[in-house]
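Please take a moment to look over the sequence and the structure below before reading on. The report that follows goes through strands, charged pairs and a few loop residues in turn.

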Amino acid sequence: MTRLSLNPNSKPIRQYFEMVSEKRQMGLVTEGNVAPAFADLLGYCARQAGYTFNEQHPLKLPNNRSIRLDGAVLTRFNLRYGAWEAKDSQDDLRAEIRRKFEAGYPRDNILFQSPDQAILFQDGREVLAADLDAERPQALVNILQAFFSYTKPAIEEWEQAVAAFKDRVPEVAKALDALIEREYSRSLAYKQAFDRFFELCRRAINPNLSKDAVEEMLIQHILTERIFRRVFHNERFTRQNAIAREIETVVDALTGKYFNRDDFMRELDHFYGAIETTAATIHDYSEKQNFLNTVYEQFFQGFSVKVADTHGIVYTPQPIVQFMVRSVEDLLRREFNRSLADPGVHILDPFVGTGNFILRVMEEIRRSKPSALAHKYAAELHCNEVMLLPYYIASMNIEHAYYEAVGEYAPFEGICLVDTFDLAESRQLPMFVEANSARVERQRQTELTVILGNPPYNAGQVNENDNNKNRKYTVIDRRVQETYTRAGTATLRNALSDPYVKAFRWASDRIRDEGIVAFVSNNGFLDGIAFDGMRQHLLADFDAVYVLDLGGNVRKNPKLSGTTHNVFGIQVGVCITFLVRRGPADGRARAGALYYARMDEFWRRGQKYTQLDGWGALGKVDWQTLTPVNNIWLTEGLQTGWDDLLPLGTKDAKAGRGQAIFELYNPGILTGRDSVVYDFDAPRLQKRMQDFVEAYNTEVDRYKRTGRPKDVDNFLKYDRLKWSATLKAHLQRGTYLEADNTKTRVSLYRPFTKQHLYYDEIVIDRPGQFPRIFPTPETERENRVICLAGVGAEKPFFALVTNLIPDRAFVGGGSGTQCFPLYTYEPHPPTPSPYGEGELAARAYRRRDNISDWALAQYQQHYGDAGITKEDIFYHLYALLHHPAYRERYAANLKRELPRVPFVAPHPPTPSPLHGAEGATLEKKGVHLANFWSP
């Protein structure tokens, strides 16, 4: 039972009555004026009790009619805990209550409130009434405490059980895994059934699928199939569903002689019982879906965190799903005079999850043309899922929704257990079982009109040592490379590996001549520098692009409170994108019209949902027509004339195809194993590296002894070494390491924070060009690099000069660092040096200026001074990059791309505010940055 700590003098209680009093004085006593104050009070109480409060909460009634509660309190497992309805002061509250109950409003725990009165019903009867009077605030406290202390026994048992279930799942799964391994070695029937199933999985899902992954699928099935059968009262599921039936064949072989499933699972009966009992109390089908999604989320968080991370186990909130489906219907009618219900309009959700988008499409078809649903269900609705559990849930959800709609069961044959990206590959292997293969091939041959859904959002494992990589796809990866990547100008383009980017590329190719793509995704592509090529191709590939920016990037905007402003409750920003293709291009350039709208960045999640519900579809959104500049869509704050300034560095100039101030620039080093190669204590670092080298060389020996297995990821041991992709590649080449204490260098790990670094080109995952920038400790005495951070990233623009090897994330937070050296070095046999005897005499490296001759000529010509040197330019640039006027004027440009710099106005020599070499250089040249621009 929840205990709410609230008293009459609590600040929220005082604030509520003060706000109501202010409204009364202004004569504002209607529901719309007073209800927000009570909603704020309920929201405060819900948070204190560990719940969430959702305004304008949709609820479907048993008669298939939908209502919208003024508010609902939801448990952390997304179950409706209580409801709230607000009324005007002039309303007869009891009469309004009777009308609401006659309309089917819930009676279990509902609070009715007007500015003067509140009445609480629980279990269908009135339990408390209170006059809302600032002179007697205890009455309000009492009714709120009663409202938040009510708990259905089934829900209470469920919450306790699911928490324990999450903790017990890893233990039970581990025991089941050991049993499966044992049976594989001693039961021939099981081994044969498993091997057959394993081969089917590799053909259908991933040719590199490991035996462990398939065993994990079996464990998922055994642990969860009872839930699917009983929550939906469908005991026939495992025998009717094509995939479940195949897995049951393997389980039958597993349980044939030594293993009794019921006996093994008996210790979990309490948890299953609590889930089933709670499900039996849920009559609203949409709530049952949310419930099952929650079971799934809890299961994965306990069972397989890696799977959840790689595939992005995040479900699309219903307001987003509803807005997207209605918007697609709106676009179909407006652009093509067609409807989702029309014959020939094939619809695909390529990443179906638990089926929310297809369910909402079915509802829209049923609403607009009920007679069309049977045909659409049988022939023109399609979806794919690559993971077993969501495949099960989606199948059950869709089939159950159809049963409720038409009154008879029919299997949904539009769902495929397949990796959508794999459908673009050329391989023609069977797709799991014959029924699934037929579905996949039918979908392949279908001309799609609509593709919609929520693509996976994970960009790849954070750490190669997790051995949890996203899969590579030959065709899709090549298509991204030859379009989005090739058209881009950025040097760092890792973000283009994100699956949601691949989803846009795949959908752009798959929709063919005419149709609509609708995705809700990460919004990083809207303004990220790495995505300029993607933006260019989206406008070239489609006639109209609509982007509704939902904001919510917690990392970019530190003023946001946690994730409460994000519609998914995640940290990256989100947007909804609609792409329209109006017919064959036939050689013409597509219109590429771009429409953009943005929700208030500081709106909370509930406010954004309410706005989506208010719009209903994109036709009511106030769209802004954007005119991109150099593939930049969001041009607010960008300064004109930027392209006329001198570029610090460009990709073309780096490749010898253009002009820039610096010939070479490079990100800071990415070690892939900071905890191994960095340390404040040099001897401790050297000892650790000796252990690392020994462990690595042992793995090389073991790899060679075992015949160089192709599946390196699953061959390696991850307990002693921190692996990375490049280190795995060196192991495959048979490369050995040698401990060498002379490789211990000093590095700039973070601003003004030095650490010892073991600098070895094999051990460092991404050493970049630093063997050419600081090849030896001696070069640190004369060379300098300007390190820039915050360019095309979420961190503020930042510049720092160092004579040490800098880390790529030296300002932290994932912000990449670009480094512009004064000099570069090439290996060179020792020769007499023009520098004379001393620090770099008889050097083994030849020094080259990194500032281009073109840049030197530009500066000398502009200032009319042949005495300007490349070193002068280097320090002048460093000063300029710090100047407040420059940073303020070009703030938006600097967030997008590498700096470009203006010539500053010459000024008679005066004492410079700068110190050291920079100040002396600028004074000598008569360039005083204080007079950079007039305001």
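## An open sheet of four strands

Two strands are said to pair if DSSP finds at least two bridges between them. The model shown here is a predicted one, and in this model four strands form an open sheet, in the order β18-β20-β19-β23, with mixed pairing. The edges of this sheet are formed by β18 (678–679) and β23 (805–806), each of which pairs on one side only.

Within the sheet, strand β19, which covers residues 744–750, pairs with strand β20, which covers residues 753–758, and this antiparallel pairing runs over six bridges. If you wish to follow one of these contacts by eye, begin at V746, whose bridge partner in β20 is H756.

## Strands β1, β2 and β3

Strand β2 (residues 66–74) has a neighbour in strand β1 (residues 52–60), and the two pair in the antiparallel sense over eight bridges. One contact that can be traced here is that of K60, whose bridge partner in β2 is S66. Strand β2 is also joined to strand β3 (residues 80–86), again in the antiparallel sense, by four bridges, and there V73 has G82 in β3 as its bridge partner.

How much of strand β2 is buried? The strand is mostly covered, since seven of its nine residues are buried.

## Strand β10 and its partners

In a regular strand the side chains alternate between the two faces of the sheet. Strand β10 (residues 450–453) can be read with this in mind: V450 and L452 point one way, I451 and G453 point the other way, and all of them are buried.

Strand β10 runs parallel to strand β7 (residues 347–349), to which it is joined by two bridges, and the bridge partner of L348 in β10 is I451. Strand β10 also runs parallel to β11, with four bridges between them, and in this pairing G453 stands opposite F519.

## Salt bridges

How many salt bridges does the structure hold? There are 40 salt bridges in the structure, and a few of them are worth following one by one. E96 forms a salt bridge with K87, in which the closest N and O atoms are 3.7 Å apart. Are these two residues buried or exposed? Because buried means under 20% relative accessible area, E96 counts as buried at 15%, and K87 is likewise buried at 11%.

A further salt bridge joins the side chains of R334 and D330, with 3.7 Å from N to O. Both residues lie in helix α14 (residues 318–336), where they are four residues apart, or about one turn of the helix. R334 counts as partly exposed, at 46% relative accessibility, and D330 is partly exposed as well, at 22%.

## A distant pair and a network

The side chains of E663 and R848 also meet in a salt bridge, at 3.7 Å from N to O. This pair links distant parts of the chain, with E663 in the loop between α23 (651–654) and β17 (666–667), and R848 in strand β26 (residues 845–849), 185 residues apart. E663 is partly exposed at 32% relative accessibility, and R848 is partly exposed at 31%.

Salt bridges can also be followed through a group of residues, and in this structure R479, E482, R505, D509 and D541 are linked in a network of them.

## Charge on the surface

Which residues gather in a patch of negative charge on the surface? The patch is made up of E447, D513, E514 and D586. Of these, D586 is found in the loop between β13 (574–582) and β14 (593–598), and with a relative accessibility of 72% D586 counts as exposed.

## Loop residues with positive phi

R512 has a positive phi of about 60 degrees, although R512 is not a glycine. This residue lies in the loop between α20 (499–510) and β11 (514–522), and R512 is partly exposed, with a relative accessible area of 35%.

N630, which is also a residue other than glycine, has a positive phi near 55 degrees. The place of N630 is in the loop between β15 (624–626) and β16 (646–647).

Notes
Residues numbered from 1 in each chain as written. Predicted model: local features only at pLDDT ≥ 70, side-chain atom pairs only at ≥ 80, totals over all residues. Heavy atoms only, no water. Patch = residues over 30% accessible without salt bridge, like charges linked within 9 Å, V, L, I, M, F, W, Y side chains within 5 Å. Areas by Shrake-Rupley, 256 points an atom, 1.4 Å probe, with all protein chains shown as cover. Salt bridge = Lys/Arg side-chain N within 4 Å of Asp/Glu carboxyl O. Lys, Arg positive; Asp, Glu negative; His and termini not counted. Charge placed at Lys NZ, Arg CZ, Asp CG, Glu CD. Buried < 20%, exposed > 50% of the residue type's maximum accessible area, 1.4 Å probe, protein only.
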